[in-house]
Amino acid sequence: MTFSSDISVERHTSRLIDRTLPKTEWTHAGHFAAALWLSRHRANLVKPAEFKRIVIRYNEATHTANTDTSGYHHTITIASLRAAVFHLTRHSNDVPIHVVLEHLMASPQGNTGWLLSYWRRETLFSVHARRTWMEPDIAALPF
């Protein structure tokens with residue numbers, strides 16, 4: 001999905017929250033689009049517990065089981081939220097969210113495997129990392 005305006009980012013995020021977003025649109029860029037929009041406009045919803053609730057409810061609505069091997073992943077979510085906030089703070093508030101998203105997606109975090117520069121695969125995809133925050137075991141996050 002392409003986000004060509006802030007309206008498209010807001011619509012995407014609203015559909016995530018109300019659980020009408022098609023699962024095919026819950027992509028890597030879609031995760032970051034929602035995190036960026038919420039960080040700027042609804043910061044209370046990017047607190048870890050709130051964002052977790054949004055994602056878990058969305059997963060349930062799209063028939064994605066939240067188990068030890070699928071669905072919500074806490075470490076990935078928190079790292080991604082931190083990356084989104086970092087990218088957002090590098091731009092003034094008058095820069096449109098979809099432009100910030102373009103810059104984020106052109107950065108290392110735009111690569112779906114970016115987390116493997118900070119965590120070993122077996123650590124990142126462990127049950128413990130899925131359930132709770134785990135510090136990186138390769139390198140510290142830069143933000």
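# A guided tour, starting at His98

Select His98, which you will find in helix 5. Keep in mind as you go that this is a predicted model. Is His98 buried or exposed? Its relative accessible area is 15%, and because the cut-off for buried is under 20%, His98 counts as buried. Now show what surrounds it. Leaving out residues up to four places away in sequence, His98 touches Phe3, Ser4, Ser5, Asp6 and Val9. For a sense of how the chain comes back on itself here, put a distance label between two C-alpha atoms: those of His98 and Ile7 are 8.9 Å apart, although the two positions lie 91 residues apart along the chain.

**Next stop: helix 4**

Colour helix 4, residues 74-89. This helix has 16 residues, and from its first C-alpha to its last it reaches 22 Å, close to the 22 Å expected at 1.5 Å a residue. Show the side chains of its buried residues: His74, Thr75, Thr77, Ile78, Ala79, Ser80, Leu81, Ala83, Ala84, His87 and Leu88. What do they pack against? Bring up helix 2 (28-41), helix 3, helix 5, helix 6 and helix 7, and you have the partners of these buried residues.

Stay in helix 4 and zoom in on Thr75. Its relative accessibility is 0%, so Thr75 counts as buried. Its side chain has two polar partners to label. A polar atom of the Thr75 side chain lies 2.8 Å from the backbone oxygen of Ala129, and the side chain also reaches the backbone nitrogen of Met134, at 3.1 Å. Ala129 and Met134 are among the residues that Thr75 touches beyond four places away in sequence; the others are Trp119, Leu124, Thr132 and Trp133.

Trp133 deserves a click of its own. Add Arg82 to the selection: the charged end of Arg82 sits over the ring of Trp133, 4.4 Å from the ring centre.

**The aromatic rings**

Now show the aromatic side chains. The model has 5 aromatic pairs. Begin with Trp114 and Tyr118, an edge-to-face pair with 6.0 Å centre to centre and 70 degrees between the planes. Both residues are tucked away: Trp114 is buried at 4% relative accessibility, and Tyr118 is buried with a relative accessible area of 15%.

Keep Trp114 selected and add Phe143. Here the ring centres are 6.1 Å apart and the planes stand at 50 degrees, so this pair is tilted. Trace the backbone between the two and you will see that the pair links distant parts of the chain, 29 residues apart: Trp114 is in the loop between helix 5 (97-106) and helix 6 (121-124), while Phe143 is in the segment after helix 7 (127-131). Phe143 is partly exposed, with a relative accessible area of 23%. To finish this stop, add Phe86, and you have a cluster of Phe86, Trp114, Tyr118 and Phe143 linked by ring pairs.

**The salt bridges**

The last selections are charged side chains. The structure holds 5 salt bridges, and three stops give a good view of them.

- Go to helix 3 (residues 48-61) and pick Arg53 and Glu50. Their closest N and O atoms are 3.0 Å apart, in a salt bridge. Because the two residues are 3 apart in this helix, about one helical turn separates them. Arg53 is partly exposed at 35% relative accessibility, and Glu50 is partly exposed at 28%.
- Select Asp68 and Arg131, whose side chains meet in a salt bridge at 2.7 Å, N to O. Asp68 is in the loop between helix 3 and helix 4, and Arg131 is in helix 7, so the pair ties together parts that are 63 residues apart in sequence. Asp68 is partly exposed, with a relative accessible area of 34%, whereas Arg131 is exposed at 52%.
- Finish with Arg120 and Glu122, where the side chains form a salt bridge of 2.6 Å, N to O. Arg120 is partly exposed, with a relative accessible area of 40%, and Glu122 counts as exposed at 53%. Which residue completes the picture here? Add Asp137: salt bridges that share partners join Arg120, Glu122 and Asp137 into one network.

Definitions and conventions:
Residues numbered from 1 in each chain as written. Predicted model: local features only at pLDDT ≥ 70, side-chain atom pairs only at ≥ 80, totals over all residues. Heavy atoms only, no water. Phe/Tyr/Trp six-rings, centres within 6.5 Å; stacked < 30°, edge-to-face > 60°. Buried < 20%, exposed > 50% of the residue type's maximum accessible area, 1.4 Å probe, protein only. Helix = DSSP H or I, 4+ residues; strand = E, 2+ residues; numbered from the N terminus. Lys NZ or Arg CZ within 6 Å of the ring centre and 35° of its normal. Salt bridge = Lys/Arg side-chain N within 4 Å of Asp/Glu carboxyl O. Expected span 1.5 Å × (residues − 1). Contact = heavy atoms within 4.5 Å. Polar contact = N/O pair within 3.5 Å; in protein donor to acceptor, adjacent residues only side chain to side chain.
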